[in-house]
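Open your viewer, switch to a cartoon view and keep the selection tool at hand. We will walk through a few spots one by one.

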Amino acid sequence: MKAVIVERYAPIDQVELKDIPRPLLEPGQLRIRVEAAGIGFVDGLKIQGLYQTKDPLPFIPGTEFAGVVDEAPGSPAGYRPGMRVMGMTRSGALAEEIVVAPEAVHPLPDGVAAEVGASFRANYLTAVYALSARAALGAGEQLLVLGAAGGVGIAAVQIGKLLGARVIAAASTPEKRAFASQHGADATIDYTQAGWRDQFKELTGGHGADVIFDPVGGEISVQAFRSIAWRGRHLVVGFAAGAIPALPFNLPLLKGGALLGVDLAQIAKREPDVQQRLMSELTGWLAEGKLKPAVGRVFALDDFRDAFKTMQTRAALGKMVVRIPG
């Protein structure tokens, strides 16, 4: 089968597409014929050995996928050949086939494209876990989403609206702000401008942000926290800007505010029941058409490097997806 292989931690230009043997199928596992794989910020770090944990070499990158069950000996967890699924795993998605445990996948609702399934689980589970389970975002509250046009940012915009919040999307270009508006943001701001906090204050009538969804980090995080409402909650989702902010501790004291960490990698281990409940809620919204995930550009497997490069420039809208030919 064809697969992208990382043989040494290196920039994406040094990663190759190769023919390798099919993965072995152990008892209780599923063999999935991959139709699409999502490319996220973490995937870009992993291939360079820059993520907080390293995958043993050699490895196949890609953590999110959608496809069709090809083999399911004994029908573990009720999965059978021909069923469409979406899944998330540590690595292995950028290949024609992947072997996973049943716990790694979830049924893909009828009528939902593989490209949607491959760009759904990490971003939307992160967003709903952060906003619902961690911040308890309520109807009518003011939600500020930083990096709102990225994969997880646009998911937070959409989930925030479903939870009844007033969503203000912060993004750096007119195209990104328009993208956020198209997906439900009530208002947008350019947080690269010096006076953005004054504009935000006007948009909230002086109230500030009840909840801040922050996958960006850097100095913008500290500025955002200064605009938090009394008893507001700042969700620490990631550091796409590359710098971990240093927040003066007097700010949470003066604002009565809270910092809440959101690490998707730990939810399955520490809160499996919460993850299952939230995934059921998400797929229900997906099946009912209440949630329409934003897919970014779709690339052919031979063009996988372009998918990574586009994602790493942070110029693209939504999440990059690689289509795997059947």
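Begin by selecting F120 and Y124: F120 is buried, and Y124 is buried too. Keep in mind as you look around that this is a predicted model.

Now show the two side chains as sticks. The ring centres of F120 and Y124 are 5.0 Å apart and their planes meet at 15°. Planes under 30 degrees apart count as stacked, so F120 and Y124 make a stacked pair. The structure holds two aromatic pairs, and the other stop is W196 with F200. Here the rings are 6.5 Å apart, centre to centre, with 55° between the planes, and the pair is tilted.

Stay with that second pair and colour helix α6, residues 196-203. Both W196 and F200 belong to α6, four residues apart, which is about one turn of the helix. Are these two side chains buried or exposed? W196 is buried, with a relative accessible area of 1%, and F200 is buried with a relative accessible area of 1% as well.

Next, select helix α10, residues 272-288. Try the distance tool on its end C-alpha atoms: they are 24 Å apart. That agrees with the 24 Å that 17 residues should span at 1.5 Å a residue.

Which residues of α10 are buried? Highlight V274, Q275, L278, M279, L282, T283, W285 and L286. Looking down the axis, you will find that they cover an arc of only 155°, which puts them on the same side of α10. Turn to the face pointing away from that buried side, and you meet the exposed residues D273, A287 and E288.

What do the buried residues of α10 pack against? Bring up the strands β5 (84-88) and β7 (105-107), then the helices α2 (114-118), α3 (121-134), α4 (151-162) and α9 (264-270). Before leaving, step just past the end of α10 to G289, where phi is positive, at about 80°.

For the last stop, select S221 in helix α7, residues 219-225. S221 is buried, with a relative accessible area of 4%. Follow its side chain, and you will see that it reaches the backbone nitrogen of G217 at 3.3 Å. Then show what surrounds S221: setting aside neighbours within four places in sequence, it is in contact with D214, H234 and P245.

Technical notes
Residues numbered from 1 in each chain as written. Predicted model: local features only at pLDDT ≥ 70, side-chain atom pairs only at ≥ 80, totals over all residues. Heavy atoms only, no water. Phe/Tyr/Trp six-rings, centres within 6.5 Å; stacked < 30°, edge-to-face > 60°. Buried < 20%, exposed > 50% of the residue type's maximum accessible area, 1.4 Å probe, protein only. Helix = DSSP H or I, 4+ residues; strand = E, 2+ residues; numbered from the N terminus. Expected span 1.5 Å × (residues − 1). Arc of directions from axis to C-beta. Contact = heavy atoms within 4.5 Å. Polar contact = N/O pair within 3.5 Å; in protein donor to acceptor, adjacent residues only side chain to side chain.
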